[in-house]
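Here is a colleague's note on helix packing, a few single residues and the annotated spans. Please read it with the structure open.

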Amino acid sequence: MIYRVLAKSYTRTIVAALVALIFSIAITSIVLSVSGFNPPSTFQAMFEFGKEPDSIVNTVNRAATYYLSALAVAVGFRMNLFNIGVDGQYRLAAMLAAAAGGAWALPVVLHQVVIVVVAVVVGGLWAAIAAFLKVTRGVSEVISTIMLNFIASGVIAFLLNPSRLATKVAGSNNIGTKPISSSGRMPGITYPGSELKVYSFVLVAALAGFAFWFMVNRTRFGYDLRATGLSQSAAVASGVDAKRMVVVAMCMSGAIAGLVGMPQLLGGSYSYSLDFPTGIGFTGIGIALLGRNSPVGIAFASLLWAFLDQSSQILDFNDIPKEIVAITQAAVLLSVVVVYEIVNRVGKRIDQRHVAAQLGEVPA
């Protein structure tokens with residue numbers, strides 16, 4: 001029975017994800033029990049809090065940023081490029097887009113489009129530095145993008161200064177860019193039972209996911225991208241320009257990374273300040289792995305990650321360290337890598353048996 005189920009590739013992915021999730025819940029239960037807490041009541045409290053209307057809105061909003069971050073990482077993963085610099089790319093893009101949006105007064109829609117375009121261009125150009133170093137000097141993109149993250153932090157700290165792009169936020173000690181006027185803001189979507197609004201940029205994130213799927217599976221560029229990722233030497237032998245693919249893929253990854261801060265910027269904060277969300281780029285790496293670089297898989301992984309983040313807020317009220325959720329997330333990542341490898345090996349063995357049966361070498 002299990003061999004029949006694993007004979008199809010998509011069922012292997014689903015089975016692996018479910019096994020990894022069950023495994024991570026088991027590990028978290030052990031940690032909770034050893035710490036003196038009751039696992040069933042803890043999970044029930046998280047689930048009850050997570051399904052409240054306000055929690056659902058926060059989960060969807062957070063999942064949108066995670067989704068875009070993971071898509072940016074997945075573009076690189078498709079051709080064995082490790083863009084570790086999504087964090088720096090989206091923060092620099094969001095800061096400069098916020099500064100441009102706050103400085104310019106434009107008509108509705110055009111104002112929003114200009115802000116998004118600035119973010120996309122900045123993210124793409126920042127990633128292009130790593131691509132240029134790789135194709136011209138052979139510098140590993142892992143090293144260069146990590147270094148670019150630190151440089152981006154320095155550039156942001158330099159520019160986010162009251163004497164340059166920042167102003168003092170009224171009523172606090174915080175500083176940020178000049179607030180974007182109403183013409184540049186995206187109105188939220190009402191959710192029943194909640195006073196909070198779902199970011200409209202969630203729809204843009206969904207469109208980005210569809211565009212990613214279409215590009216990878218229905219275009220010549222996507223075919224070359226996958227071919228280069230599977231075997232660069234074979235792709236070059238078939239006429240693919242590997243250097244060009246590296247530059248285009250990195251720039252595309254950076255451009256998508258530029259969108260990561262837009263849900264928060266256009267839907268909630270309307271300016272880039274010192275308390276703007278950070279670390280989303282690194283979260284996107286884990287979510288891309290969990291979602292197997294598939295737009296649909298990444299969507300489910302983003303919602304799971306965001307749900308765990310949101311539902312953990314209730315743990316403090318029950319005197320349970322909410323960091324326990326970090327253990328669950330780490331266990332999910334660790335187990336999914338192991339389980340995927342096991343399932344893949346079983347799947348390959350099934351494929352080999354099937355081919356052998358077709359050739360009449362062994363019974364099916």
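1. Angles under 35 degrees between helix axes count as roughly parallel, 65 to 115 degrees as roughly perpendicular, and over 145 degrees as roughly antiparallel; the rest are oblique. Please keep in mind throughout that this is a predicted model.

2. Start with H5 and H7. Helix H5 covers residues 86-103 and helix H7 covers residues 141-159. Their axes come within 8 Å and cross at roughly 20 degrees. That angle is under 35 degrees, so H5 and H7 are roughly parallel to each other. The crossing is left-handed.

3. Which residues of H5 and H7 meet? On the H5 side they are Val86, Asp87, Gly88, Arg91, Leu92, Met95 and Leu96. H7 offers Asn149, Ala152, Ser153, Val155, Ile156 and Leu159. The contact of H5 with H7 divides into eight nonpolar, three polar and two charged residues. An α-helix has 3.6 residues a turn, so residues three or four places apart point the same way.

4. Leu92 deserves its own look. This residue lies in helix H5. Leu92 counts as buried because its relative accessibility is 4%, and the cut-off for buried is under 20%. Leaving aside residues up to four places away in sequence, Leu92 touches Val122, Trp126, Val155 and Ile156. Val155 and Ile156 belong to the H7 side of the contact with H5. The C-alpha atoms of Leu92 and Val122 are separated by 7.4 Å, with the two positions 30 residues apart along the chain.

5. Now take H5 against H11. Helix H11 spans residues 242-257. At what angle do H5 and H11 pack? The angle is about 55 degrees, and the axes are 8 Å apart. H5 and H11 are therefore oblique to each other. H5 passes H11 in a right-handed crossing. Val86, Gln89 and Tyr90 of H5 meet Ser253, Gly254 and Ala257 of H11. This contact of H5 with H11 divides into three nonpolar, three polar and no charged residues. Val86 is listed in the contact with H11 and also in the contact with H7.

6. H8 and H9 need a separate check. Helix H9 is residues 220-230, and helix H8 is residues 201-218. The two pack at about 75 degrees, with their axes 5 Å apart. That makes H8 roughly perpendicular to H9. Met215, Val216 and Asn217 in H8 meet Phe221, Gly222, Tyr223, Leu225 and Arg226 in H9. By class, the residues of this contact are five nonpolar, two polar and one charged.

7. H12 is next. Helix H12 runs over residues 262-269, and its buried residues are Met262, Pro263, Leu265 and Leu266. What do the buried residues of H12 pack against? Their partners are helix H4 (53-77), H5, helix H6 (110-137) and H8. Tyr270 follows H12 and has a positive phi, near 65 degrees.

8. Two loop residues also have positive phi. Asn80 is in the loop between H4 and H5, with phi near 60 degrees. Val109 is in the loop between H5 and H6, with phi of about 75 degrees. Neither Asn80 nor Val109 is a glycine. Are these residues buried or exposed? Asn80 counts as partly exposed, at 48% relative accessibility. Val109 is partly exposed too, with a relative accessible area of 49%.

9. Ala20 sits in helix H2, residues 9-34. Its relative accessible area is 1%, so Ala20 is buried. Beyond residues up to four places away in sequence, Ala20 touches Val332, Ser335, Val336 and Val339. By contrast, the C-alpha atoms of Ala20 and Thr219 are separated by 33 Å, and these residues are 199 apart along the chain.

10. Last, the annotation. An unreviewed UniProt entry gives "transmembrane region" for residues 12-36, 56-77, 89-107, 113-135, 142-160, 198-216, 246-266 and 324-343. Two of these spans can be set against the model. Residues 56-77 are 100% helix and 0% strand, with end C-alpha atoms 30 Å apart. Residues 246-266 are 81% helix and 0% strand, and the end C-alpha atoms lie 31 Å apart.

Notes. Residues are numbered from 1 along each chain as its sequence is written. This is a predicted model: local features need pLDDT of at least 70, side-chain atom pairs count only at pLDDT 80 or more; totals for chains, interfaces and linings use all residues. Side-chain values use heavy atoms; hydrogens and water are left out. Helices (H or I, at least four residues) and strands (E, at least two) are DSSP runs, numbered from the N terminus. Buried means under 20% relative accessible area, exposed over 50%, partly exposed in between (1.4 Å probe, protein chains only). Contact means heavy atoms within 4.5 Å. UniProt positions are given in the numbering used here, feature names are shortened, and annotations may be inferred rather than shown by experiment. Axes are lines fitted to C-alpha atoms, for helices over the stretch in contact, and angles run from 0 to 180 degrees between N-to-C directions. A crossing is left-handed if the near helix is turned anticlockwise from the far one by less than a right angle, and right-handed if clockwise. Ala, Val, Leu, Ile, Met, Phe, Trp, Tyr, Cys and Pro count as nonpolar, Asp, Glu, Lys and Arg as charged, and the others, Gly among them, as polar.
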